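Reader: I'm new to reading structures, and I'd like to zoom in on one part instead of skimming the lot. Please pick a helix and walk me through it, along with whatever sits around it.

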Amino acid sequence: MKKGTTVTTASLELRRRGMSVKDLAEVLERSANSLYPVVGRRRRATNPERVAIAAFLGAQVEALFDEDGFARVARVAANV
């Protein structure tokens, strides 16, 4: 993982499924360029985006996004 990369709960869930943001975009019929900033916490997700992503990942919206619509930062154990 690159230094300074924000790992979000949504990106971890995608990885666990062996999927990428591009795969997610295809399933949701959206452009990958519109979803990369959402999953990477660089842009607030719209409510329809939050609902669609959560439904696809089988998760609660609140588990993936904060109250402002930004992807939640994942708690990842450091490899020390």
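Author: One word has to be pinned down before we start: a residue counts as buried when its relative accessible area is under 20%, as exposed when that value is over 50%, and as partly exposed in between. Keep in mind too that what you're looking at is a predicted model.

Let's get our bearings. The protein has 5 helices and 0 strands, so its pattern along the sequence, with helices and strands taken as DSSP runs, reads α-α-α-α-α. Of its 80 residues, 36% count as buried. The accessible surface comes to about 5300 Å², and carbon and sulfur atoms account for 50% of that.

I'd zoom in on H3, the helix covering residues 32–39. How many of its 8 residues are buried? The count is 6, so by the under-20% cut-off H3 is mostly covered. Those buried residues are Ala-32, Ser-34, Leu-35, Pro-37, Val-38 and Val-39. And what does the covering? H1, H2 and H4 are included in what lies over them.

Now look at the inside of the protein. The largest nonpolar core has 16 residues, and the ones with the most contacts inside it are Ile-53, Leu-64 and Phe-65. The elements that give two or more residues to this core are H1 (9–16), H2 (21–28), H3 and H4. Which of them gives the most? That's our helix: H3 puts in 4 residues.

You can follow one thread from H3 to Phe-65. Setting aside neighbours within four places in sequence, Phe-65 is in contact with Val-38, one of the buried residues of H3. Phe-65 also touches Ile-53, another of the residues with the most contacts in the core. The rest of the Phe-65 list is Ala-45, Arg-50, Phe-70, Ala-71 and Arg-72.

Next, the helices around H3. Start with H1, where Ala-10, Ser-11, Leu-12, Glu-13 and Leu-14 are buried. Those residues pack against H2, H3, H4 and H5, which spans 61–64. Just after H1 comes Gly-18, with a positive phi of about 70°.

H2 and H4, two of the helices that help cover H3, also meet each other. Their axes are 11 Å apart and they pack at an angle of about 105°. An angle from 65 to 115 degrees counts as roughly perpendicular, so that is how H2 sits relative to H4. At the meeting place, Leu-24, Val-27 and Leu-28 from H2 touch Ala-52, Ile-53 and Phe-56 from H4. Sorted by class, this contact has 6 nonpolar residues, with no polar and no charged ones.

Ala-52 is worth a second glance. It belongs to H4, which runs over residues 47–57, and its C-alpha atom is 9.9 Å from that of Val-27, although the two are 25 residues apart along the chain. Is Ala-52 buried, exposed or in between? It is partly exposed, because its relative accessible area of 29% falls between the 20% and 50% cut-offs.

Finally, check the two ends of H3. In the loop between H2 and H3 you'll find Glu-29, which has a positive phi of about 55° although it is not a glycine. Glu-29 counts as exposed, because its relative accessibility is 73% and the cut-off is over 50%.

On the other side, the loop between H3 and H4 holds Gly-40 and Arg-41. With a relative accessible area of 17%, Gly-40 is buried. Leaving aside neighbours within four places, Gly-40 is in contact with Thr-6 and Thr-8. The C-alpha atoms of Gly-40 and Val-7 are 7.1 Å apart, though 33 residues separate them along the chain. Arg-41 has a positive phi near 70°, again in a residue other than glycine. At 32% relative accessible area, Arg-41 is partly exposed.

That Gly-40 and Val-7 pair, 33 residues apart, leads to one last number for the whole protein. Among contacts between residues at least 6 apart in sequence, 51% join residues at least 24 apart.

Definitions and conventions:
Residues are numbered from 1 along each chain as its sequence is written. This is a predicted model: local features need pLDDT of at least 70, side-chain atom pairs count only at pLDDT 80 or more; totals for chains, interfaces and linings use all residues. Side-chain values use heavy atoms; hydrogens and water are left out. Buried means under 20% relative accessible area, exposed over 50%, partly exposed in between (1.4 Å probe, protein chains only). A nonpolar core is a set of buried Ala, Val, Leu, Ile, Met, Phe, Trp, Tyr and Cys residues joined through side-chain atoms within 4.5 Å. Contact means heavy atoms within 4.5 Å. Accessible areas come from the Shrake-Rupley method with a 1.4 Å probe; for residues, only the protein chains shown count as cover. Axes are lines fitted to C-alpha atoms, for helices over the stretch in contact, and angles run from 0 to 180 degrees between N-to-C directions. Angles under 35 degrees count as roughly parallel, over 145 as roughly antiparallel, 65 to 115 as roughly perpendicular and the rest as oblique. Ala, Val, Leu, Ile, Met, Phe, Trp, Tyr, Cys and Pro count as nonpolar, Asp, Glu, Lys and Arg as charged, and the others, Gly among them, as polar.
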